[in-house]
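Work through the exercises below with the sequence and the model open. Try each task before reading its solution.

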Amino acid sequence: MNTFIIERSIPGASSLTHAELVEIAKTSNRAVDSLGVPYVWVKTMVAGDKMYCLHQTDDAETVREHARRGGFPADLVAEVVAEFGPGTADEGMVDTGDAYMGLIA
């Protein structure tokens, strides 16, 4: 399965109550169950008037179908092609005892 990031514009998203988020989660779970294909909703983050979701499935069209069935906007659906973080900077480093010596792999 591929991983997709979905951007959803939802005015007032950051003001949604816990009860409202529970209902949204129930709706999303029902939409996932109705697809009949491998599909994993990994998580959703809320920031301002947006929701950013990580989903795993085979293709972007399946993500869009989930959004249609759930009644959710899907302003952007993009396949995640790489992940990295602070520790990535240390990859390719060799411990020489006192310090790290950078090597290009």
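The exercises deal with the sheet, the helix packed on it, the salt bridges and the surface.

This is a predicted model, in which local features need pLDDT of at least 70 and side-chain atom pairs count only at pLDDT 80 or more, while totals for chains, interfaces and linings use all residues. Residues are numbered from 1 along each chain as its sequence is written, and side-chain values use heavy atoms, with hydrogens and water left out.

**Exercise 1. The sheet**

Task: Give the order of the strands in the open sheet and state which strands stand at the edges.

Solution:
- Start with the elements: helices (H or I, at least four residues) and strands (E, at least two) are DSSP runs, numbered from the N terminus.
- Then apply the pairing rule, which asks for at least two DSSP bridges between two strands.
- The four strands lie in the order β2-β3-β1-β4, and their pairing is antiparallel.
- β2 and β4 (76-79) have a single partner strand each, so they stand at the edges and one side of each lacks a neighbour in the sheet.
- On average, neighbouring strands are turned by 20° against each other, direction ignored. Axes here are lines fitted to C-alpha atoms, for helices over the stretch in contact, and angles run from 0 to 180 degrees between N-to-C directions.

**Exercise 2. One strand pair and the helix**

Task: Find how many bridges join β1 to β3, and which strands helix α2 touches.

Solution:
- Strand β1 covers residues 2-9 and strand β3 residues 50-57; eight bridges join these antiparallel strands.
- Within this pair, I5 has L54 of β3 as its bridge partner.
- Helix α2 (residues 60-70) packs on the sheet and touches β1, β3 and β4, where contact means heavy atoms within 4.5 Å.
- The direction of α2 makes about 40° with that of β1.

**Exercise 3. Salt bridges**

Task: Count the salt bridges and determine which residues are joined into one network.

Solution:
- The criterion is a side-chain nitrogen of Lys or Arg within 4 Å of a carboxyl oxygen of Asp or Glu. By this rule there are five.
- One of them pairs K50 with E7, with the closest N and O atoms 3.6 Å apart. K50 sits in strand β3 and E7 in strand β1, so this pair links distant parts of the chain, 43 residues apart.
- For R68 and E61 the closest N and O atoms are 2.4 Å apart.
- R69 meets E65 at 2.7 Å, N to O. These two are separated by about one helical turn because they are four residues apart in helix α2.
- Salt bridges with shared partners join E61, E65, R68 and R69 into one network.

**Exercise 4. Accessibility and the surface**

Task: Classify K50, R68 and V42 as buried, partly exposed or exposed, and name the residues of the nonpolar patch.

Solution:
- Buried means under 20% relative accessible area, exposed over 50%, and partly exposed in between (1.4 Å probe, protein chains only).
- K50, at 26%, is partly exposed.
- R68 is partly exposed at 49%.
- V42 lies in strand β2 (residues 40-47) and is partly exposed at 43%.
- Patches use residues with over 30% relative accessible area and no salt bridge; like charges are joined within 9 Å, nonpolar side chains (Val, Leu, Ile, Met, Phe, Trp, Tyr) within 5 Å.
- M1, V40 and V42 make a nonpolar surface patch of about 250 Å², with areas from the Shrake-Rupley method and a 1.4 Å probe, only the protein chains shown counting as cover for residues.
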